[in-house]
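Got a structure in front of you and wondering how the labels get earned? Let's go through a few of them together.

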Amino acid sequence: MDETSPLVSPLQDSIDYNYCQSEASGPRTPGSVVRVSAGSPGRSRERQPLLDRDRGNSPRDPHRNEFPDDPEFREIVRKAEQAIEEEIFPERICQGSSGSYFVKDSQGKVIGVFKPKTEEPYGQLNPKWTKWLQKLCCPCCFGRDCLVLNQGYLSEAGASLVDQKLELNIVPRTKVVYLASDTFNYNAIDRVKSRGKRLALEKVPKVGQRFHRIGLPPKVGSFQLFVEDYKDADYWLRRFEAEPLPENTNRQLQLQFERLVVLDYIIRNTDRGNDNWLLKYDCSMDTEGKRDTDWVVVKEPIIRLAAIDNGLAFPIKHPDSWRAYPFYWVWLSQAKVPFSQEIRDLVLPKLADPNFIKDLEEDLYELFKKDPGFDRGQFHKQIAVMRGQILNLSQALKESKTPLHLVQMPPVIVETARAPQRANKEPDCSSLVGPD
Ligand SMILES: Nc1ncnc2c1ncn2[C@@H]1O[C@H](COP(=O)(O)OP(=O)(O)OP(=O)(O)O)[C@@H](O)[C@H]1O
Ligand SMILES: [Mg+2]
């Protein structure tokens with residue numbers, strides 16, 4: 001894979017995943033939230049220009065976007081911040097059930113997708129009226145009872161973390177970021193406050209300078225790198241039915257597909273429709289030197305997969321049979337092919353290593369605990385489901401089963417906190433049974 005791809009972590013070989021590092025050395029986990037402690041506002045902070053503070057340039061700003069282990073990501077977020085300052089605002093994505101935004105750079109080029117916590121499908125400021133209507137008319141069906149409500153942004157970042165740790169490289173890098181923009185959905189109070197402070201700063205600068213922050217408050221959310229020239233898998237899969245791929249390319253697609261299966265199964269994604277993964281298919285011909293000769297060099301077509309929209313994963317229990325949330329890829333022909341040696345070699349050694357699993361869980365803990373609504377009990381349940389999924393997946397890989405066989409295995413939870421290594425077979429397996 002292209003090393004500059006947003007799907008590949010630039011430091012994937014050099015990151016030390018050892019969890020027992022000192023706080024002083026700073027967080028080093030991929031996808032982890034990096035917040036610099038706000039501390040008490042000292043004198044030096046007071047002397048800083050107010051507008052500079054507002055931009056999040058103060059090292060003490062709790063909303064500062066700092067990613068010491070991923071300077072490339074930091075740079076992209078910095079470009080987004082710069083663009084917002086220049087009033088090139090993120091643009092709401094029309095489709096979808098929540099407030100998601102295409103974030104641009106100063107040239108107006110889309111560089112990321114930002115999903116603020118408060119505008120998630122079940123967030124209090126979701127700008128889409130369909131969810132509001134659902135809450136009003138059918139409160140019992142509002143939300144997914146197997147998921148932790150309103151932590152989709154952590155699920156997005158968590159999926160990226162799992163992807164990077166397993167070296168699947170199919171999730172565009174995603175981290176927790178703070179952004180403020182006029183185009184986000186704010187409540188009236190925030191807008192009035194912000195306008196009032198600006199006015200005060202203009203009219204009575206002495207008073208205005210006392211404000212901790214002017215402008216709209218930053219929103220916490222997931223920021224995913226934008227991948228260019230990708231289209232919904234649905235689109236390409238239909239095309240490949242009509243115009244079958246060359247054998248080699250088809251094989252590449254199969255290998256990428258297996259990575260998607262591994263990711264989705266481990267994080268128990270409850271929202272994997274075929275519109276929530278993208279494909280890039282480049283079958284361009286090399287016409288260089290065409291002027292001199294009639295020959296055209298046909299390059300090997302390139303196919304790449306990007307797993308986006310991972311906000312509804314990491315459930316606290318397996319879905320009920322009446323709301324099964326199946327993996328929609330299970331109906332594809334690719335799901336009937338046994339797992340390849342390549343995916344077994346990539347994933348099995350990691351999943352069989354207890355230290356790897358421990359690190360993975362600790363990294364997820366570091367990430368998830370940043371949410372104000374974090375609940376340790378719920379986190380343990382999320383991990384118990386994930387461990388069960390890993391158990392099933394490892395068995396399916398060892399036995400070279402197909403993805404279809406994998407989803408037909410009875411769901412398992414593995415509780416470790418109170419009863420270490422106790423595996424519970426759940427009686428209800430209907431929720432994960434795929435089609436014949
Ligand atoms: N990282 C990305 N790179 C390129 N395009 C993207 C990326 N993320 C999202 N998109 C585009 O934006 C569309 C909406 O994204 P996404 O599905 O993540 O948003 P959403 O608000 O959760 O939508 P929904 O509720 O319909 O699932 C996608 O169908 C895709 O076309
Ligand atoms: Mg989507």
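**How the labels are earned**

Q: Why is Y281 called buried?
A: This is a predicted model, and in it Y281 has a relative accessible area of 15%. Buried means under 20%, so Y281 gets the label.

Q: What makes F240 and Y281 an aromatic pair, and of which kind?
A: Their ring centres are 5.2 Å apart, and the cut-off for pairing is 6.5 Å, so they pair. The planes meet at 80 degrees; anything over 60 counts as edge-to-face, so that's the kind. F240 sits in helix α8 and Y281 in strand β7, 41 residues apart, so the pair links distant parts of the chain.

Q: How do you know whether F240 is buried or exposed?
A: The relative accessible area of F240 is 10%. With the buried limit at under 20%, F240 is buried.

Q: What kind of pair do Y265 and F327 form?
A: Here the centres are 6.2 Å apart, with 40 degrees between the planes. Stacked needs under 30 degrees and edge-to-face over 60, so this pair is called tilted. The two rings come from distant parts of the chain: Y265 is in helix α9, while F327 is in the loop between β8 and α10, 62 residues away.

Q: How do you know whether Y265 and F327 are buried or exposed?
A: Y265 has 0% relative accessibility and F327 has 2%. Both values fall under 20%, so both residues count as buried. They also belong to a cluster in which ring pairs link F257, Y265, W277, F327 and W329.

Q: What makes R268 count as lying over the face of F327?
A: R268 is 4.4 Å from the ring centre of F327 and lies over its face. The distance limit is 6 Å, so R268 passes on that score. K175 does likewise with F73, at 5.5 Å from the ring centre.

Q: What makes N276 and D309 donors of the magnesium ion?
A: OD1 of N276 and OD of D309 lie 2.2 Å from the magnesium ion (ligand 2). Donors must be within 2.8 Å of this metal, so both qualify. The two residues are 33 apart along the chain, N276 in the loop between α9 and β7 and D309 in the loop between β8 and α10.

Q: Why do N276 and D309 get the accessibility labels they do?
A: N276, at 8% relative accessibility, falls under 20% and counts as buried. D309 has 22%, which lies between 20% and 50%, so D309 is partly exposed.

Q: How do you know that D309 is in polar contact with ligand 1?
A: An N or O atom in the D309 side chain is 2.5 Å from an oxygen atom of ligand 1. That's within 3.5 Å, so it counts as a polar contact. D309 is also among the closest of the 19 residues surrounding ligand 1.

Q: Why does the span of helix α12 agree with what you'd expect?
A: At 1.5 Å a residue, its 23 residues should span 33 Å, and the end C-alpha atoms are 33 Å apart, so the two agree.

Q: Why is R376 called exposed?
A: R376, in helix α12, has a relative accessible area of 52%. Exposed means over 50%, so R376 makes the cut. Its side chain also joins that of Y365 in a polar contact of 2.9 Å.

Note on methods
Residues numbered from 1 in each chain as written. Chains lettered and ligands numbered in written order. Predicted model: local features only at pLDDT ≥ 70, side-chain atom pairs only at ≥ 80, totals over all residues. Heavy atoms only, no water. Helix = DSSP H or I, 4+ residues; strand = E, 2+ residues; numbered from the N terminus. Expected span 1.5 Å × (residues − 1). Phe/Tyr/Trp six-rings, centres within 6.5 Å; stacked < 30°, edge-to-face > 60°. Buried < 20%, exposed > 50% of the residue type's maximum accessible area, 1.4 Å probe, protein only. Lys NZ or Arg CZ within 6 Å of the ring centre and 35° of its normal. Donors = N, O, S within 2.8 Å, 3.2 Å for Na, K, Ca; no water. Near = heavy atom within 4 Å. Polar contact = N/O pair within 3.5 Å; in protein donor to acceptor, adjacent residues only side chain to side chain.
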